[in-house]
Amino acid sequence: MSLPAQIPLYQVDAFTSEAFRGNPAAVCPLEAWLPVPLMQKIAAENNLSETAFFIPDGDGFALRWFTPTTEVDLCGHATLASAFVLMTELSPARTRVVFSTRSGPLTVERAGDKLTMDFPSRPATQLTTPFPALSAGLGRTPVAVWTARSFVAVFEDAETVRGLRPDFAKIAALDTYGVIVTAPGTGADADVDCVSRFFAPRQGVPEDPVTGSAHCTLAPYWAARLGRPQLRARQVSARGGEIDCELRGDRVSLSGQAVLVIQGTLRIPPG
């Protein structure tokens, strides 16, 4: 297979209405898949938490996501960014797209400036024994620990979550994809239902700015705790971002905005 000499490259800030906030993702539309090692090198070169690649697939598109070090099964913000590129830059008349992915079909719909993604729910189960290694990695002991794809460390207030200074080496040593920390919205964050942060040093992402896939676990947790399916969430990383969530049975709707910040061309080396 001959490789293209160049491909389009977009950088989109997802889950925000302002440039330089939210979570930046690179998006590379392709006509056909590049070799996996090359896509991984492109993701490492971009050095963002995720680079998304998509190709035409029937009436929709096939979508893949790469961190700087590995391909992943699910990524929210890079899915939002990919849909944003499709529905604003490549096909502005489009208001709906279905991506085929390693996590099954993912639908994204646009209404005005907001995009809503339909994702699988990933409910967590509570651990009943203390977890000192997790507490050591976070530098604080959570009031409860749950587990799904990632550990979920629950704290009493948003201020504690904002103030965490994790030891990424200790978190990377944990046998889990990543660590979600969460708390109810309190103090300066009392305008939202919950706050969170997400650490995934084993995936090459010490702290992810805004993590859609983490809310596949946070949405069922907070929906059960609050007694209602809808919630407003804020990820309180340095960049910060907001996600509207709704639990719908075994699915989660995640809604947010996005902003295009870079548009250019990636040159593919010959050979």
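**Cores, a buried helix and three loop residues**

Helix α2 is largely enclosed by the rest of the structure, because 12 of its 15 residues are buried. The model discussed here is predicted.

Trainee: Which residues of α2 are buried?

Mentor: A residue counts as buried when its relative accessible area is under 20%. In α2, this applies to Gly76, His77, Ala78, Thr79, Leu80, Ala81, Ser82, Ala83, Phe84, Val85, Leu86 and Met87.

Trainee: What span does α2 reach from its first C-alpha to its last?

Mentor: The helix has 15 residues, and at 1.5 Å a residue the expected span is 21 Å. The model comes close to that expectation, with a reach of 20 Å.

Trainee: Which helix gives the largest share of the largest nonpolar core, and which members touch the most others?

Mentor: In soluble globular proteins, nonpolar side chains tend to be buried together. The largest nonpolar core here holds 52 residues, and the members touching the most others are Trp65, Val97, Phe99, Val108 and Leu254. Its largest share, eight residues, comes from residues 76-90, which form helix α2.

Trainee: Which residues does Val108 contact, leaving aside its neighbours within four places in sequence?

Mentor: Val108 is one of the core members that touch the most others. Its contacts include Thr79, Ala83 and Met87, and these three are buried residues of α2. The other contacts of Val108 are Thr95, Arg96, Val97, Phe99, Leu115, Thr116 and Met117.

Trainee: How many residues does the second core have?

Mentor: This core is separate from the one just described, and Leu138, Ala153, Ala158 and Val192 are included in it. Its number of residues is 18.

Trainee: Is Phe15 buried or exposed?

Mentor: Phe15 is found in the loop between β1 (6-14) and β2 (23-29). Its phi is near 65 degrees, a positive value in a residue other than glycine. With a relative accessible area of 1%, Phe15 is buried.

Trainee: Is Asn47 buried or exposed?

Mentor: Asn47 is found in the loop between α1 (36-46) and β3 (50-57). Its phi is also positive, near 60 degrees, in a residue other than glycine. The relative accessible area of Asn47 is 57%, so the residue is exposed.

Trainee: Which residues does Ser237 touch, not counting those up to four places away in sequence?

Mentor: Ser237 is found in the loop between β15 (230-235) and β16 (241-248). Its relative accessibility is 10%, so Ser237 counts as buried. The residues it touches are Arg197, Glu207, Asp208 and Pro209.

Notes
Residues numbered from 1 in each chain as written. Predicted model: local features only at pLDDT ≥ 70, side-chain atom pairs only at ≥ 80, totals over all residues. Heavy atoms only, no water. Core = buried A, V, L, I, M, F, W, Y, C linked by side-chain atoms within 4.5 Å. Buried < 20%, exposed > 50% of the residue type's maximum accessible area, 1.4 Å probe, protein only. Helix = DSSP H or I, 4+ residues; strand = E, 2+ residues; numbered from the N terminus. Contact = heavy atoms within 4.5 Å. Expected span 1.5 Å × (residues − 1).
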